[in-house]
Amino acid sequence: MPDEPILENVSVRRRMRFGGITVMGRRRRPSGTPDPLPRELRASGRAWALAALLVIALWAALDVWEQTSLWWTARDLDVLQWFESIRSASATALAEAGHALGSVWTYRPIRWAVIGALVGFKRWRHLIAFLASVIGVQWIVTTIAAVLGRSRPLGIDIIGDWEGFAHPSLPIAALTASLVGAALSLIPLGVWRTRALYGSSLAAALLGTSRMYLGVDHPTDVVVGYLIGFAVPFVIFRLYAPETVFPVRYGGGNSAHLLIAGRREDAIRHAVRDQLGFEVLDIEPFALEGSAGSTPLLMTVEGNPPTKLFGKLYASSHLRSDRWYKMARNILYGALEDEVPFSSVRRLVEYEDYMLRFMRDEGLATAEPYGFVEITAEREYVIVTSFLDGAQEIGDVEVTEAIAHRALESVHKLWICGIAHRDIKPSNVMVLDGDVYLIDNAFATIRPSPWRQAVDLANMILILSTRLEPRIVYRIAQQYFVPEDIAEAFAASTSIAIPTQLRSELRAYRKRHGVDLVELWNEITPEREPISIQRWSTNRVTSTVRVLLVVALLLIVVDDLFGGGFL
């Protein structure tokens, strides 16, 4: 046994050079320290949560100590008596106009306009957060009002319309929640959202002043109603639809692509440095148009010379989208062989990293895996690989017979190694120095069904056929596959098995040349009965029943919301 320990302190940072890349030594994150990008309310969210706690403390004090309740009521009446003393015909007319802001005919159209806009932009997460905000605020206020049972101001001449108990003020809370929810769900983060939030507070202040002038509400009713109407949407959006994961933005772009600048960029730099040992010099989004299930990144790391690495940012939003997509496809078409959703983002990146290493070990042309890093536990991870510098998508190069050979040879190697890629499309087929690389291996599988392998072959042949004469592609394909294999591939090739990007190219090809490539390949290959993927199973039936039950429940909830005046 050696006298000195073999392992050094893993927290000590050491600089080394490996393959031209400077590696600084990985450093373990001590227990109890936060993630690089922790999930938190931040200062503003904590401030509103604290305000809510103070309101709860006030309610407790008013309920427990009668003297406290009497003192607050007296101060409220002092303010209302002052308003009563300055009443005039013109001021009353202005107050009645401001009082209209609290009408259901004011905030209900706002709510429906926001709902319509969110549905139109397909921002389902923001829609749920908005509905939860306005419904939650109204439920909280009506419940508290029923429990406390505070009457309208006594000893004051009430000259405005009112309904129900006084505390908290429902019109103030309803209007504030509607305006704040609209700002958080429709306006991008920045100066205009800040102005909209100030405008929401101004509208609430105008309504509150009008209601106090008319003798309808106590000042504390107004203040507490405003705090509830502002704090509840703020906290719900910050926790359920945080800006770092679900940003509000316009002008195109894919909702799967997360914003990198700011706190997230700093977190990625920190995580890559500590967990992989690479000092990141620059990060930028890369090739976003070809990615729908992650946020691809190009990272420059310290080296001699500086070296480029490729990263893919996965988040819980990507995982949820994949689950919804697979559930919908299961209901419409049945489960496609062994296709199941991943249980967590961690499992997704672990699996892709494993598949990259397995394919590399089997001698397949793919990017070199360097591992993955944790940005936020169970929510965000970045998988890091070598960057194929100079590589181009197959759609951006002139496809020669030599490239067609390499492409079909790669599918043949997949068959030999017992692998199915499951997502062969133009953006996942890269050409570098005459070699063909298959990337984006997150959904690849080992020991797949023959149907899966056949679909891979059909998709690769269709990619080549949009760029090279189909009969030339057929001649080359027969050097790697027998005609019966090719016929089987197109017997299994239905619309649902062809990636969206490739389907778009096939439609464009048919429009230009008047030829349906799938039908053409079925004609030139040996005759084969189509392979059906309509698979009825217990899982498909139960999934369909669950969705129908949820739809029925939603219809009941919507009916109750209309009946209860929430919408």
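This passage looks at helix α17 and at a few salt bridges in a predicted model.

Helix α17 spans residues 517–524, and Leu517, Val518, Leu520, Trp521 and Ile524 are buried there. Looking down the axis of α17, these buried residues fall within an arc of 160 degrees, so they line one face of the helix. What they pack against is a set of four helices: α13 (450–465), α14 (470–477), α15 (483–491) and α16 (500–513). The N-terminal end of α17 has a cap, too: aspartate 516 places a side-chain oxygen 3.0 Å from the backbone nitrogen of valine 518.

Turning to charged pairs, the structure holds 20 salt bridges. One of them joins arginine 264 and glutamate 380, with 2.8 Å from N to O. Arginine 264 sits in helix α9 (residues 263–275) and glutamate 380 in strand β7 (residues 380–386), so this pair ties together parts that are 116 residues apart in sequence. Arginine 264 counts as buried because its relative accessibility is 3%, and glutamate 380 is buried as well, at 0%.

Helix α9 also hosts a salt bridge between glutamate 265 and arginine 269 (2.9 Å, N to O). These two are four residues apart in α9, so about one helical turn separates them. Glutamate 265 is buried, with a relative accessible area of 18%.

In helix α2 (residues 66–85), arginine 75 and aspartate 78 are three residues apart, again about one helical turn. Their side chains meet in a salt bridge at 3.1 Å, N to O. Here arginine 75 is partly exposed, at 33% relative accessibility, and so is aspartate 78, at 39%. Elsewhere, Arg152, Arg211 and Asp217 are linked in a salt-bridge network.

Note on methods. Residues are numbered from 1 along each chain as its sequence is written. This is a predicted model: local features need pLDDT of at least 70, side-chain atom pairs count only at pLDDT 80 or more; totals for chains, interfaces and linings use all residues. Side-chain values use heavy atoms; hydrogens and water are left out. Buried means under 20% relative accessible area, exposed over 50%, partly exposed in between (1.4 Å probe, protein chains only). The arc is that of the directions from the helix axis to the C-beta atoms. Contact means heavy atoms within 4.5 Å. A polar contact is a pair of N or O atoms within 3.5 Å; within protein, one must be able to donate a hydrogen and the other to accept it, and residues adjacent in sequence count only if both atoms are side-chain atoms. A salt bridge is a side-chain nitrogen of Lys or Arg within 4 Å of a carboxyl oxygen of Asp or Glu.
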